[in-house]
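Thanks for coming, everyone. I'll put the structure up and then talk you through a few places in it.

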Amino acid sequence: MPIQHLLESRGRFPRLGTIRLGVKVQSQSGRSYPKAVDHFVIDDALAQALGTDQPQWIEVTFPDNEPGRVCDAYYRKYEGNPDNPAGGVLVLRCDGVTAAHLPRERPAYAEACKRAPFDPANPEASRAPCPCGAKAVARLNVVCVKGGIGTYQLVVGGEGRIADLLNDLWIGRRAHGRLVGVPAKLTLEPVSMEFRDKAGVRQMREGWAPRIRWVHTYQQALQARGADPLALEAAPAEVQAGPHALTAGNGAPQSVSPDLPVRAEKPAPAPMTSEPPA
């Protein structure tokens, strides 16, 4: 019997490399900083597999069915590498409720998050920087279809970008019933971003943001998992678990979105491929 809960607490996906959103450039003062570009920055091995070293989209799938594991998002604070917000030594990790402090010279301890609670009437105040100095950082783990068996990690900052990626993953899982083995495209798309300058004035700037785009239509995704697209108006009491219903770690079935009724007479679905089903 393996160690219980080992993968939940210590498990990491085998990583083959990283996918970056920019390149390092040097300022006139001599300090280096990351600059966004209109393509993914990848290593030589992945570039050879893809046939290009400046891809704007990459065919991917995912190493886990849980969006929170695929896109590992926390408020994080690092020390030791001022040129990289996701580099150096991790000294704080917070989920917005509990802050886990990991001091370099003292034992770890936890305390309540100091971030202001979200206020629907004043969302701008809720997005104010936390007094602890931690910033939203996510690690998106993808499996490149044309790469090796393992994951590539993309570090993404900013609550808006992270929320977009998590929503992309959730809508894909609800449609397909799973994420593992489902083909998608990791794309880099132009966006307009709002920010406040040093004087506190709201400004807009153009940039690039990663998104996940699904290969199949919603109808094709339902058909592939044995669901009946014509029965979407069925009452929730009539909904059954599909053939790809997710299971918990103990093998017990997890709940399936109630808008996916299943016809029992349908045969088992064919495995997902990179091409949409006919």
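Let's start with the largest cavity, which has a volume of about 30 Å³. This is a predicted model, by the way, so keep that in mind throughout. How many cavities of 30 Å³ or more are there? The count comes to one. If you want to find the largest cavity on the screen, look for its lining: Cys94, Ala99, Glu111, Ala112, Cys113, Lys114, Cys130 and Cys132. Sorted by class, that lining has six nonpolar residues, two charged ones and no polar ones.

Okay, on to some strands. Strand 5 covers residues 89–94, and strand 4 covers residues 71–79. These two run antiparallel, with five bridges joining them. To pick out one place along that pairing, go to Glu79, which stands opposite Val89 in strand 5.

Strand 5 also pairs with strand 6, which is residues 98–101. That pairing is antiparallel too, over three bridges. One spot to look at there is Leu92, whose bridge partner in strand 6 is His101. Strand 5 and strand 6 make a hairpin with three residues between the strands. Which residue in that hairpin takes a positive phi? That's Gly96, with a phi near 95°.

Now strand 3, at residues 57–61. Is strand 3 largely enclosed or left open by the rest of the structure? Four of its five residues are buried, so strand 3 is largely enclosed. Strand 3 is joined by two bridges to strand 8, residues 135–144, and the two run antiparallel. Within that pairing, Val60 has Cys144 of strand 8 as its bridge partner.

A quick stop at strand 2, which is residues 32–41 and includes Val37. Val37 has a relative accessible area of 15%, so it counts as buried. Go 17 residues along the chain from Val37 and you can pick out Gln54; the C-alpha atoms of the two are separated by 9.7 Å.

Next up, salt bridges. As a general point, side chains of opposite charge can pair when their charged atoms come close. How many salt bridges do we count in this model? Nine. I'll take you through a few of them.

Start with Asp64, which sits in the loop between strand 3 and helix 3. The side chain of Asp64 meets the side chain of Arg69 in a salt bridge, at 3.3 Å from N to O. Are these two partners buried or exposed, or somewhere in between? Asp64 is at 17% relative accessibility, so it counts as buried. Arg69 has a relative accessible area of 33%, so that one is partly exposed. Asp64 has something else going on as well: a polar atom of its side chain lies 2.8 Å from the backbone nitrogen of Glu66.

And Glu66 brings us to another salt bridge, because its side chain meets that of Arg173 at 3.7 Å, N to O. Where do those two sit? Arg173 is in helix 5, residues 159–176, while Glu66 is in the loop between strand 3 and helix 3, so the pair ties together parts that are 107 residues apart in sequence. Arg173 is buried, with a relative accessible area of 13%. Glu66, at 33% relative accessibility, counts as partly exposed.

Helix 5 turns up again in the last bridge I want to show, since it holds Asp168. Asp168 forms a salt bridge with Arg211, and their closest N and O atoms are 2.9 Å apart. Arg211 lies in strand 11, residues 202–214, so this pair ties together parts that are 43 residues apart in sequence. What about burial here? Arg211 is at 19% relative accessibility, and the cut-off for buried is under 20%, so Arg211 counts as buried. Asp168 is buried too, with a relative accessible area of 7%. Asp164 comes in as well: salt bridges that share partners join Asp164, Asp168 and Arg211 into one network.

That's my tour. If you go back to the model afterwards, try finding the Arg173 and Glu66 pair on the screen, then follow helix 5 to Asp168.

Key. Residues numbered from 1 in each chain as written. Predicted model: local features only at pLDDT ≥ 70, side-chain atom pairs only at ≥ 80, totals over all residues. Heavy atoms only, no water. Salt bridge = Lys/Arg side-chain N within 4 Å of Asp/Glu carboxyl O. Buried < 20%, exposed > 50% of the residue type's maximum accessible area, 1.4 Å probe, protein only. Pairing = 2+ DSSP bridges. 1 Å grid on protein atoms, 1.4 Å probe; cavity = no way out; pocket = protein on both sides within 12 Å on 5 of 7 lines; lining within 4 Å. Points joined across faces, edges and corners; volume = space filled by probe spheres on them. Nonpolar A, V, L, I, M, F, W, Y, C, P; charged D, E, K, R; others polar. Polar contact = N/O pair within 3.5 Å; in protein donor to acceptor, adjacent residues only side chain to side chain.
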